[in-house]
Structure formats: C-alpha cells, structure tokens
Amino acid sequence: MNAEGQETMRDAAAGTQASLASPASEKVLDTLDENDSEDVFLDEFMNYQMKLLKNWKLRVFTSGTWRYDSNVFLRNTNVQSDMMYSVSPGFQYSYGDEQAKLQVLADYNAQFNFYDKYSQQNSLNHFLRLSLAYRMKKTSIKLSGLFHQVTGGDLDVGGQASRVQFSPQLQVMYEVSEKVRVGLNGQLQRTHYDALISSTTYRFGVFADYSFSPRFRLGLQFNEMLQEVDQSGDQSGQDYLVRLEYEASKKLSLTGSGGVHMLHTTSAGDATLPLGTLGFKYAASPKTTLYANLYARAQNSPSLGGQYFQSEGVMMGIQQQLGSKVTVGADFGFDFSAYHSYLAGVSGTRKDNVRFARPWLKYALQRHLSLEVFYQHTTNDSTGVGSQPFARDLVGAGITGSW
C-alpha cells in the first residue's frame, strides 16, 4: 500500500544491502590532489570531445565489503553473530539529460553475500532501477520502475527472508500553460515472499499542479487503489494528496506529497490513514549537507495473516567534507509502526518502535578508488502478538572502485 515505492527507515535498519554507501553518500568521492591538475585538464578535454560525438554516459563500479553482524537473525533470545563478505559489481547508464527529448537511466548492481558460520544464508541479490522519459513540446511520458530480488533481514518477519519486489510506474503529463500542468499515472507494486504472505497493489491517479513561481509549485492528486493480499482477499481505497515542489534557494529544497489514504478492508471496516513523503535537503556550505526524509505509509504484513501495518518515520543525516579526500557523516532514523486488521475477528496488537544510528567515514584513495568504514546500532522495541524485538550492531569496512 505504499504510494511512493521509496525506501523507508525500516528498510535501511534491516540492513539488507551490505553496500557501505549511506543515504547521504551514494557516490564515490570525485576529489583530487593539486598534483592531479594535468589529469583534470586532460579529462575535461576528453569529456568535451566525447560529448561532441555522444550524449550517453556509462559508469562501471565494484565494491568488496566485510561486515560483522551481532544479530544475524534479528532475535531477542538465542542471538547469533557472524561475519559476512560481499562482492557487488554494477553499472550506471544514462542517455540524454533533463532537457533532452529522450532520456534513459539505468542503475543495476548484483550482490554476492558469503557468511562465515551460516553458509546456508549465502545469497545473490539483485537491485535494478530503470527510467525512460520522452518529452514533446507540451506532453511528456515517463516510464520507471524498480526490481529487487533480496535475501536478507526483514523487520516484520524478524529474521532473514527471501522476497522479490517489482514496481513499474507510468506517468503522462501535459503542460496546459506556463503555470498549469495536469497528468495521469498508474503503478503496479508486487511483493512476493517465499513461504510467506505476498501482495499486489494497483494504483491509478490524476493530478494537477500550479506554478506560483519558478521555484514554488503546488498541486493536488487523487488515486484509486486496488489490492490483492494472500489469505486476506481484495482491498480497495483512495488517496487524497497535496503535491509540493519548493526550491527556497540554491541551498534549500523541499519536495514531496502528503495527505490521507481511505482504506476499505474485506470485513474489518474502513480506516483513514496518513500517507505521503517529504524530502528536505539543505547545503549549509559547499562542504556540508543536511537531509531529512519524512514518510507515512501502510503495507501488508508478510508474517501475520490478515494484517497490515501503518508506519510513520523519518530518516535524516549530515555529511561533512574534510579536505580533498575525507568525508564524514552520520545517518539517523526513527520509525513507529502499528498493526491493524483486514479481517473481522483478527486482532492486530503489535507495535514496533525502530531506531538506528550510523556514523561513517569515507576516504578517497585516488580518483576512482575509495575506502569506507561504518558502525550501525539498531533497536526494535516491539510489543504485542507477533512482536519481534531485537538489538543489533553492525561494523563494516570496504573498498569501492568506479570507472
């Protein structure tokens, strides 16, 4: 039942990706010593010559990671620790830019995970994100989506779980005037769990935005939702959202949508739930960046039959560059989730309070090579039927090459 399809604090706290890249530092540092000035000039000259011949870019990368996990199976008792080693090759491809008639973006990485003691948990994960935009004079069409095939920690399940997430989305937008734009969108979200409860959600919507200034835009959106949940039947609902795009300055921006979701369950009655995301980014200085992402969403529980959970949370962080090679930062998150029922006679009493803190340091060994170390502490104060409380510490280090 997530309208946005974005990662929440629960996803980050579950630690399914062994990649060291934090939400505030996804790219390899691209800084150089003064002695590399000749290489910079050569690179700029070659890039200029290449742009005369093509408008595509390809970045290939790979990383090797070591991680100590104090609570591999996210348990409150009989806690087991282990070390995990990961190799993660991938690529990022782009064709065109935001002004081009045709723009294509693709981001993929595979992740080979190997455990020291619990080799039965070894896995191969896939993470793929695609976007294709076609722009005409007043009409634009955008097709995007993500595909994740993951075996790793799952807070709802309270341990390791295998799942496939598939989420394509289509948007058609028309510029009525310089200030007004309208559009249609459709989204499919499929989450499949091995031996657990899977679900499929369809959303179809309309929206309209008004530009009060080049930096400030407000709009309204309505979505119709249909959902199919194993063991719970079909649900339906409507989303009523306010859309926001605000670039207060070159340093500060706000973007997102927020409102309510009206859920109509199979037999447990109706519910009105908060829904939306709001992203905040502030460049305090050329070397200091702060961010925060707030969200509210509901989603099906894969472990508790006939139940879903409503989550409200925030992820925030700060990143500080020290000199030309070192960047330090910290990410924090809090999520509260309350469980509810789709079905009459089924009582949802579970509540989760999840918190995590993650300080990290990244060092650029050279232009295409970086080293990162991190520590992450996560707790889940979970109560009620089906609760999964745990505490967990992660310590990791790895090296990433990018070309």
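Me: Two strands pair if DSSP finds at least two bridges between them. This is a predicted model, where local features need pLDDT of at least 70, side-chain atom pairs count only at pLDDT 80 or more, and totals for chains, interfaces and linings use all residues. Residues are numbered from 1 along each chain as its sequence is written, and side-chain values use heavy atoms, with hydrogens and water left out. OK, so which residue in E8 is the bridge partner of Gly-183?

Reply: Strands (E, at least two residues) and helices (H or I, at least four) are DSSP runs, numbered from the N terminus. Let's find E7 and E8: they pair in the antiparallel sense over 12 bridges, and E8 covers residues 199-213. In E8, Gly-183 has as its bridge partner Phe-207.

Me: And on the E6 side, which residue stands opposite Gly-183 in E7?

Reply: E6 takes in residues 159-175 and E7 takes in residues 180-193; they run antiparallel and are joined by 11 bridges. The two strands make a hairpin with four residues between them. Opposite Gly-183 you'll find Met-173.

Me: Which residue in the turn between E7 and E8 has a positive phi?

Reply: E7 and E8 form a hairpin too, with five residues between them. The residue we want has a phi near 65 degrees, a positive value in a residue other than glycine. With a relative accessible area of 84%, it is exposed (over 50%; buried is under 20% and partly exposed is in between, using a 1.4 Å probe and protein chains only). The residue in that loop is Ala-195.

Me: Asn-78 has a positive phi as well, I hear. Is Asn-78 buried or exposed?

Reply: Start with where Asn-78 sits: the loop between E1 (56-69) and E2. Its phi is near 50 degrees, and Asn-78 isn't a glycine. Its relative accessibility is 53%, so Asn-78 counts as exposed.

Me: Let's stay with E2: with which residue's side chain does Ser-86 make a polar contact?

Reply: Ser-86 belongs to E2, which spans residues 82-95, and at 5% relative accessibility it counts as buried. Its C-alpha is 6.2 Å from that of Phe-114, although the two are 28 residues apart along the chain. A polar contact is a pair of N or O atoms within 3.5 Å; within protein, one must be able to donate a hydrogen and the other to accept it, and residues adjacent in sequence count only if both atoms are side-chain atoms. At 2.6 Å, the side-chain partner of Ser-86 is Asn-113.

Me: Ser-402 makes a polar contact too, so which residue does its side chain touch that way?

Reply: You'll find Ser-402 in strand E18, residues 390-402. Its relative accessibility is 9%, so Ser-402 counts as buried. The contact is 2.6 Å, and the partner side chain belongs to Arg-59.

Me: How far apart are Gly-90 and Leu-128 in space, C-alpha to C-alpha?

Reply: Gly-90 is in E2 and counts as buried at 10% relative accessibility. Leaving aside neighbours within four places in sequence, its contacts (heavy atoms within 4.5 Å) include Arg-59 and Tyr-108. Gly-90 and Leu-128 are 38 residues apart in sequence, and their C-alpha atoms are separated by 9.6 Å.

Me: Now the rings! What kind of pair do Tyr-210 and Phe-212 make?

Reply: Rings of Phe, Tyr and Trp (its six-membered ring) pair if their centres lie within 6.5 Å; planes under 30 degrees apart are stacked, over 60 edge-to-face and the rest tilted. The whole structure has nine aromatic pairs. For Tyr-210 and Phe-212, the centres are 4.9 Å apart and the planes are at 75 degrees, so the pair is edge-to-face.

Me: Ring pairs link Tyr-210, Phe-212, Phe-216 and which other residue into a cluster?

Reply: Tyr-210 is partly exposed, with a relative accessible area of 36%. Phe-212 is partly exposed as well, at 47%. Ring pairs link both of them with Phe-216 and Tyr-246.

Me: Which residue lies over the face of Phe-207?

Reply: A charge sits over a ring if NZ of Lys or CZ of Arg is within 6 Å of the ring centre and within 35 degrees of the ring normal. One such case is Arg-358 over the face of Phe-374, at 4.0 Å from the ring centre. Over Phe-207, also at 4.0 Å from the ring centre, lies Arg-243.

Me: Last one: how many strands are there in the chain?

Reply: The chain has 403 residues, of which 41% count as buried. Besides two helices, the number of strands is 18.
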